[in-house]
Amino acid sequence: MRIIFIRHAEPDYEHNTLTERGFKEAELLSLRVPHWKVDRFYASPLERAKLTAEPSLRKMGRTAEIVDWMHEFSYAIIDPITGVRQVPWDFMPQYWTEEAQFFDKDSFYKHPLLQSNPDYEKAVLALRSGLDGILAEYGYHRKDGYYLAEEEKTRGDDDTTIVFFAHLGANLEAVGYLLGISPVVLQQGIYLAPTSLCILNSEKRQVGSIPDATPAIAMFRAQVLGDVNHLLQNEQPISESGSFAKVFNQ
């Protein structure tokens, strides 16, 4: 199966909406999404995610299920270098690169700094549980760092696609969990532009069998992180919202 995570369009945080540019990005995204065969759509409860999804869903006559656990990971902490209260990433390099626990996919959220906001761990566990709950409906059951796939449910599911409209931080939390990488590392090292796509495919590395109900062994693998072809093909410059550098527009 395939999971596509879409970051919302350029946000107007102050007014809880999108910028003029953001609405244009959402419309350009809607030239792409309706061509997909999508089984289910999901969206963060935040307005910027729902507004990004709206043009695509309207054209398809579809709706998205709102999942609170894909809410942005805006659980503020006090940055130990700058002293600024901020989102739980964007740490200064001289700090986070020296903290070995941030690199640990299993215990990053137990780091004392992230524990300073008790809502962060709750959000991490809720996202994992929510994502695994959906995957279980499709026959994928988490076991340690990989999945056991029910052969009867997952056979021939290469084109089964689910789509999430969410956020930079939340999408990388989910991607990190599925790939076995600390999301702190991904949030520090990967920029997801507004309306960009992260596409992950399940790969069965050991095939199961139906007669004795032997499950397949599967894991998710990234096909692309941060794809914005729908913007570039329509000569729409890529937004730098969330980036500390000028982005490449070719």
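Okay, a definition before anything else: two strands count as paired here if DSSP finds at least two bridges between them. Keep that in mind, and remember too that this is a predicted model.

Let's start with strand E1, residues 2-7. At one end of the strand, Arg 7 stands opposite Ala 166 in E10, and Arg 2 sits across from Thr 161. Between E1 and E10 there are 6 bridges, and the pairing is parallel. E1 has another partner as well: strand E11, residues 197-206, joined to E1 by 5 bridges and running antiparallel. If you want a spot to click on there, take Ile 3, which stands opposite Leu 200 in E11. And how many of the 6 residues of E1 are buried? It's 5, so the strand is largely enclosed by the rest of the structure.

Now over to E10 itself, residues 161-166. Besides E1, this strand has E4 as a partner, residues 40-43, with 4 bridges and a parallel run. One contact to look up is Arg 40, whose bridge partner in E10 is Ile 162.

So why is E10 described as largely enclosed? Because 6 of its 6 residues are buried. Buried means under 20% relative accessible area, by the way. Here's the general bit: in a regular strand the side chains alternate between the two faces of the sheet. In E10, one side carries Thr 161, Val 163 and Phe 165, the other carries Ile 162, Phe 164 and Ala 166, and all of these are buried. Both faces are covered, in other words.

Right, helices. H5 covers residues 118-137, and I like it as a quick sanity check. With 20 residues at 1.5 Å a residue, the helix should span 28 Å, and the end C-alpha atoms are 30 Å apart, which agrees. Its buried residues include Tyr 120, Ala 123, Val 124, Leu 127, Leu 131, Ile 134 and Leu 135. There are charged ones on that buried list too, among them Glu 121, Arg 128 and Asp 132. Just past the end of H5, look at Gly 139, where phi is positive, about 100°.

Last topic, salt bridges. A search of the whole structure turns up 11. I'll walk through a few.

In helix H1, residues 20-29, Glu 25 and Arg 21 are 4 residues apart, about one turn of the helix. Their side chains meet in a salt bridge at 3.8 Å, N to O. Which of those two is buried, and which is partly exposed? Glu 25 is the buried one, with a relative accessible area of 0%, while Arg 21 is partly exposed at 30%.

Then there's Arg 58, which meets Glu 27 in a salt bridge, 3.6 Å from N to O. That pair links distant parts of the chain, with Arg 58 in helix H2, residues 47-60, and Glu 27 in H1, 31 residues apart. Arg 58 also forms a salt bridge with Glu 54, where the closest N and O atoms are 2.9 Å apart. Glu 54 and Arg 58 both lie in H2, 4 residues apart.

Put together, Glu 27, Glu 54 and Arg 58 make a network of salt bridges. As for accessibility, Arg 58 is partly exposed at 46%, Glu 27 is partly exposed at 36%, and Glu 54 is partly exposed with 36% as well.

That's my tour, thanks.

Methods
Residues numbered from 1 in each chain as written. Predicted model: local features only at pLDDT ≥ 70, side-chain atom pairs only at ≥ 80, totals over all residues. Heavy atoms only, no water. Buried < 20%, exposed > 50% of the residue type's maximum accessible area, 1.4 Å probe, protein only. Helix = DSSP H or I, 4+ residues; strand = E, 2+ residues; numbered from the N terminus. Expected span 1.5 Å × (residues − 1). Salt bridge = Lys/Arg side-chain N within 4 Å of Asp/Glu carboxyl O.
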